[in-house]
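Me: I would like to go through this structure in questions and answers, with the reasoning behind each reply laid out. Where should we begin?

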Amino acid sequence: MNAAKVMSDSAVITWRNVMNVRRNPDWLLGATAFPIMFVLLFAYVFGNAIGGAGGGGASYREFLIAGIFAQTVAFNSSYTVIGFANDLQKGIIDRFRSLPMSRLAVLVGRTTADQVLSVVVLLVMTVCGLLIGWRIHSGFVDALLGYLMILLFAFALSWVGAYIGLVARSVEVANSAGLIWMFPLTFISSAFVPQESLPGVLGSIADWNPFTAAVNATRRLFGNESPAGWPEPSGWPAENAALYAILSCVVIIAIFAPLATARYSRVST
């Protein structure tokens, strides 16, 4: 099947999934309400305590937003998980497999539609960040690259979500499986605290965590520095955060895209 056919089929599936979000606005509400609560919680409840020792809550809020962006798109991959599990349970995947369409199109259409959701959510989170005092201190190109870094990371994680959704036996299982691995990924990182402050093995995990690299790279592209007095991250992953984040995304996609495609070829209700 040629590339044009794959792209055409993928566009149809993408549109179908975007329309599902439009018909179920509670998905969009859930995708935005959760990160907004995290912003308010960390900026105003924990901000002075966490950031106070390093320049106060205002500087901590600038440190925080890149982590919230990355966490938001990471948790949005759970919608990929639930979407596939729901289509499996309802027999829609069987319907797709019976049609003369590319197997890859169903997967690409799902992951691309979730990118559209991530773009909308990032726009909402940008407004929220600006309202609490966050600012971008770099040029337009660097700022754009920062957003693209977050979206690349979201796209990579959506392939992990696609595989989990196709493996899950029910929507209920998918709901748990799509979230449980997100907590260590996002919290053992530099999203909310400097990675150098994490003790022992947790610090080593945070150093090499792709999530940390994506957050650090985005902060630098936005020109958001750590609060004064905070330790600067060191080591190869920190010094080459953008490169490491991109390589990690490529590796994640290279592993999970074939796994998800193979699973889609075998799965049935």
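Me: Which residues form one aromatic cluster together with Phe38?

Reply: The model is predicted, and aromatic rings are a convenient place to enter it. Rings count as a pair if their centres lie within 6.5 Å, and the structure holds 18 aromatic pairs on that basis. One cluster includes Phe38, and its other members are Phe75, Phe183, Phe187 and Phe192.

Me: What is the geometry of the aromatic pair between Phe153 and Phe211, and which helices hold the two residues?

Reply: The ring planes of Phe153 and Phe211 stand at 65 degrees with 5.8 Å centre to centre, and planes over 60 degrees apart count as edge-to-face. Phe153 is buried at a relative accessible area of 2%, and Phe211 is likewise buried, at 0%. Because Phe153 belongs to helix α7 (residues 140-167) and Phe211 to helix α11 (residues 210-222), the pair ties together parts that are 58 residues apart in sequence. The geometry is therefore edge-to-face, and the helices are α7 and α11.

Me: About how many helical turns separate Phe155 and Trp159?

Reply: Phe155 and Trp159 also form an edge-to-face aromatic pair, with 6.1 Å centre to centre and 90 degrees between the planes. Phe155 is partly exposed at a relative accessible area of 24%, whereas Trp159 is buried at 3%. Since the two residues lie 4 residues apart in helix α7, their separation is about one helical turn.

Me: Over the face of which ring does Arg219 lie?

Reply: Arg219 is one of the buried residues of α11. Its distance from the ring centre in question is 3.6 Å, and the ring is that of Phe63.

Me: Is α11 mostly covered or mostly open, and how many of its residues are buried?

Reply: The end C-alpha atoms of α11 are 18 Å apart, which agrees with the 18 Å that its 13 residues should span at 1.5 Å a residue. Its buried residues include Phe211, Asn216, Leu221 and Phe222. The helix is mostly covered, and the number of its 13 residues that are buried is 11.

Me: Where is Gly223 found, and is it buried, partly exposed or exposed?

Reply: Gly223 is found in the loop between α11 and α12 (236-239). Its C-alpha atom is separated by 29 Å from that of Gly200, 23 residues apart along the chain. With a relative accessible area of 26%, which falls between the 20% and 50% limits, Gly223 is partly exposed.

Me: What distance separates the C-alpha atoms of Ser118 and Val141?

Reply: Ser118 lies in helix α6 and is buried, at 2% relative accessibility. Ser118 and Val141 are 23 residues apart along the chain, and their C-alpha atoms are separated by 20 Å.

Me: Which element gives the largest share of the largest nonpolar core?

Reply: This core has 58 residues, of which Phe69, Phe192 and Phe211 touch the most other members. Among the elements that give two or more residues to it are α2 (25-45), α4 (57-90), α6 (103-131) and α13 (241-266). Another core, of 15 residues, lies apart from it, with Leu88, Met101, Ala162 and Ala260 among its members. In the largest core, a share of 15 residues, the largest, comes from α4.

Me: How much of residues 241-262, a span under the UniProt annotation "transmembrane region", is helix?

Reply: According to the unreviewed UniProt entry, the annotation covers several spans, including residues 107-132 and 241-262. In the model, residues 107-132 are 96% helix and 0% strand, with end C-alpha atoms 37 Å apart. For residues 241-262 the end C-alpha atoms lie 32 Å apart, the strand content is 0%, and the helix content is 100%.

Me: What span does helix α1 reach, from its first C-alpha to its last?

Reply: Helix α1 (residues 3-23) has 21 residues, and at 1.5 Å a residue the expected span is 30 Å. Its buried residues include Val6, Asp9, Ile13 and Val21. The span in the model is close to the expectation, at 30 Å.

Me: How many disulfides does the structure hold?

Reply: Cys128 counts as buried, at 10% relative accessibility, and Cys249 is also buried, at 0%. A disulfide would need a pair of cysteine sulfur atoms within 2.5 Å, and the number of disulfides in the structure is 0.

Technical notes
Residues are numbered from 1 along each chain as its sequence is written. This is a predicted model: local features need pLDDT of at least 70, side-chain atom pairs count only at pLDDT 80 or more; totals for chains, interfaces and linings use all residues. Side-chain values use heavy atoms; hydrogens and water are left out. Buried means under 20% relative accessible area, exposed over 50%, partly exposed in between (1.4 Å probe, protein chains only). The expected span of a helix is 1.5 Å times one less than its number of residues. Rings of Phe, Tyr and Trp (its six-membered ring) pair if their centres lie within 6.5 Å; planes under 30 degrees apart count as stacked, over 60 as edge-to-face and the rest as tilted. A charge sits over a ring if NZ of Lys or CZ of Arg is within 6 Å of the ring centre and within 35 degrees of the ring normal. UniProt positions are given in the numbering used here, feature names are shortened, and annotations may be inferred rather than shown by experiment. A nonpolar core is a set of buried Ala, Val, Leu, Ile, Met, Phe, Trp, Tyr and Cys residues joined through side-chain atoms within 4.5 Å.
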